[in-house]
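Subject: Structure handover

Hello,

Here is the structure for you to look at. My notes follow it.

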Amino acid sequence: MKILVAVKRVVDANFRIRVKRDGSGVELDNVKMAMNPFDEIAVEQAVRFKEAGVASEVVAVSVGPAKAEDTLRQALALGVDRAILVQHEGRTEPLGVAKVLRALAEREAADLVLLGKQAIDDDANQTGQMLAALMGRGQATFASGIEIAGETVRVTREVDGGLRVVDLTLPAVVTVDLRLNTPRFAALPAIMKARSKPLAKLTAAELGLDLSPRLTVLRTEEPPQRQAGVMVATVTELVDKLRHEAKVI
Ligand code: AMP
């Protein structure tokens with residue numbers, strides 16, 4: 001079984017985001033970048049399937065600038081077999097990425113495509129869903145458990161108020177949630193070894209695709225500043241404030 005796993009290079013989750021002065025987006029100069037945290041979980045799951053002998057090969061794919069090679073090298077250090085970078089300068093959008101992933105899933109004859117449930121930069125939560133629709137395959141989103149048995153993948157999904165278990169026929173698309181696993185750290189020897197693992201580079205045009213944006217970002221704004229909290233001495237005072245100042249009860 002071959003697994004394709006999508007990894008996006010995003011602003012590091014621990015870095016404080018700054019909006020550009022002209023509101024055209026967020027500052028990306030001199031900003032620490034990292035693998036999208038949900039994609040780390042997808043990589044970990046794919047590597048566990050490889051280690052368990054369930055998967056024969058794991059291929060990581062990223063659509064992004066030349067620097068996204070670093071993110072793919074990290075995936076290789078974590079145990080992925082080989083990587084494909086589809087070079088694209090500028091913003092990527094879920095539909096464009098989904099088209100690239102479909103082209104590569106078909107070219108690679110992938111049985112399972114694993115993605116994060118969302119990229120923490122645009123919070124779109126769309127790519128996996130669009131990919132499944134384009135491929136005409138089953139999808140399971142927000143996975144907190146994935147088991148493979150023959151031609152079927154059983155996915156436990158995190159839904160409002162509980163868990164839902166679904167069976168999909170392979171090939172299929174699965175997007176992963178936070179509680180699926182705890183990603184490992186790459187050991188130094190693995191990081192060294194990753195440098196010599198195969199990493200192919202291509203462009204969207206070579207796949208016959210056009211990744212020009214279909215969406216226009218009108219404005220990006222900082223969230224409103226939060227007011228400082230107030231300490232109250234008694235429950236009576238709290239109730240009084242909630243009733244007469246906040247007017248929420
Ligand atoms: P999104 O729909 O943008 O929230 O992203 C959902 C998932 O799609 C991410 O967690 C990644 O697994 C994948 N993805 C999105 N954009 C890219 C990209 N540029 N390159 C590779 N994978 C991506």
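The ligand is surrounded by 18 residues, each with a heavy atom within 4 Å of it. The closest are Asp39, Val63, Ala119, Asn125 and Thr127. This is a predicted model: local features need pLDDT of at least 70, side-chain atom pairs count only at pLDDT 80 or more, and totals for chains, interfaces and linings use all residues. Residues are numbered from 1 along each chain as its sequence is written, and side-chain values use heavy atoms, with hydrogens and water left out.

Now the polar contacts (pairs of N or O atoms within 3.5 Å). A polar backbone atom of Asn125 is 2.7 Å from a ligand oxygen. For Ala119, the distance from a polar backbone atom to a ligand oxygen is 2.8 Å. The protein buries 99% of the 480 Å² that the ligand exposes when taken alone (Shrake-Rupley method, 1.4 Å probe).

What makes up the shell around the ligand? Eight residues are nonpolar, eight polar and two charged. Here Ala, Val, Leu, Ile, Met, Phe, Trp, Tyr, Cys and Pro count as nonpolar, Asp, Glu, Lys and Arg as charged, and the others, Gly among them, as polar. Strand β4 gives the largest share, three residues. Strands are DSSP runs (E, at least two residues), numbered from the N terminus.

Next, the strand pairs (at least two DSSP bridges). β7 (residues 138–149) and β8 (residues 152–159) run antiparallel, joined by six bridges. Ala143 has Arg157 in β8 as its bridge partner. β8 also pairs with β9 (residues 162–169), antiparallel, over eight bridges. There, Thr152 stands opposite Thr169.

Best wishes

Terms used. A polar contact is a pair of N or O atoms within 3.5 Å; within protein, one must be able to donate a hydrogen and the other to accept it, and residues adjacent in sequence count only if both atoms are side-chain atoms. Helices (H or I, at least four residues) and strands (E, at least two) are DSSP runs, numbered from the N terminus.
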